[in-house]
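Visitor: I have some time to look at a model with you. Could you show it to me?

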Amino acid sequence: MGCMQSAEKLGQMRVLLQGIGGCGKSTFAKQMRIIHNAAFSDDERTLFRTALGSNIITGLRYMMSLAEQEGKLEISKKTRALIEDADAFSGNWDRDLVDAARIVWENESIVELRESGWKSDFDEAINWAMENIDKVASPTWVPDEEAILYARLRTTGINETRFVTQGYEWTLIDVGGQAQERRKWTMVQQGLTAMLYFVAADEYDLPSEEDENLSKLDVSLDVWEECIHGEAVSGHLAIILFLNKADLLEKRIQKDNGKTFKKATGSGTVKNAEAANTHLKSMFMNRIRPGTQTNKSQIFVHNTCALDTAQMRVVFESVKDFVVQQRMMSMGLMRGM
């Protein structure tokens, strides 16, 4: 009976996805559904269509406000009113609104802003949505998996993604990363097999919405430190650090040869993404306090692009092996290396 219970527990993987808002953990959860054939319902696909429309309106309003602060935005009152008065999440688009969105997107000041290295935590979504705005605006369009991955929805509450692979039952627990949502993390920390912590590596100098004196990287480091020293972390808990959005980090580093990265992080000269990732890794590893149960050598680090399904397949195989190994060690079925 005891052996049967052990085998049953061994086959259940309970994984908590952590990280501040916009880090990519929800995209990872969507990738796991795609990879393991956990289909999206028609209602979910409709929700993602309206989310992409909301991403467009929210993004355009934000860029308009930035351009206006510089005194550079020149658009008609009609166009401005269409964007400002639109019900962002209604999913109701007419031709006038589509045309207004294109006018703003192609406005000289907005183009200049985008090409200057403009950054927000939803720019990937708006870039994709604007390239496909006719689809997004159509009430009959059904988003495919690519569209679903790009759609940006703020996570609220506790969301679980379940799938089975090679005899193991996985439950991914995704709780919102905003400050008010992070309070709920303690509610789901019992019986964990692994913790996956996500960082938006390209947002090293983006101001935090939580504290104007801190960057999003500063907040991410603080939250990471809280997580790895929390009560839920045991000696055999598998911990994986995802330095996500590696593709966007590389673009930003190439744009100015790492000057803004150096200024924001206090690094030495960094001229490529590999060096930047190495520095970011050291910043997170240095937050592990001496004498704690967490051993730096037991933490896996991956440089990822959560939007890349092919890469996520490979990454998950590595994560899966590590999590299963740590699980077996925690149950006394395998000795530590």
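Visitor: Which residues have the most contacts inside the largest nonpolar core?

Guide: Happy to help, and please keep in mind that this is a predicted model. In general, nonpolar side chains tend to be buried together in soluble globular proteins. Here the largest nonpolar core has 39 residues, and those with the most contacts inside it are L52, I56, L60, I83, W93 and A101.

Visitor: Which element gives the largest share of this core?

Guide: The elements that give two or more residues to it include α3 (42–69), α5 (95–105) and α6 (108–115). The largest share, nine residues, comes from α3.

Visitor: Which residues is I83 in contact with, leaving aside its neighbours within four places in sequence?

Guide: I83 is one of the residues with the most contacts inside the largest core. With those neighbours left aside, its contacts are I57, L60, R61, M64, L97, A100, A101 and V104.

Visitor: How many residues of helix α2 are buried?

Guide: Helix α2 spans residues 25–35 and is mostly covered. Among its buried residues are K25, F28, M32 and I35. The count of buried residues is ten of eleven.

Visitor: Is Q166 buried or exposed?

Guide: Q166 sits in the loop between β2 (158–165) and β3 (168–175), and its phi is positive, near 50 degrees. Its relative accessible area is 61%. Exposed means over 50%, so Q166 counts as exposed.

Visitor: What is the phi of N257?

Guide: Most residues other than glycine have a negative phi. N257 lies in the loop between α12 (246–256) and α13 (259–265), and is partly exposed. Its phi is positive, near 55 degrees.

Methods: Residues are numbered from 1 along each chain as its sequence is written. This is a predicted model: local features need pLDDT of at least 70, side-chain atom pairs count only at pLDDT 80 or more; totals for chains, interfaces and linings use all residues. Side-chain values use heavy atoms; hydrogens and water are left out. Buried means under 20% relative accessible area, exposed over 50%, partly exposed in between (1.4 Å probe, protein chains only). Helices (H or I, at least four residues) and strands (E, at least two) are DSSP runs, numbered from the N terminus. A nonpolar core is a set of buried Ala, Val, Leu, Ile, Met, Phe, Trp, Tyr and Cys residues joined through side-chain atoms within 4.5 Å. Contact means heavy atoms within 4.5 Å.
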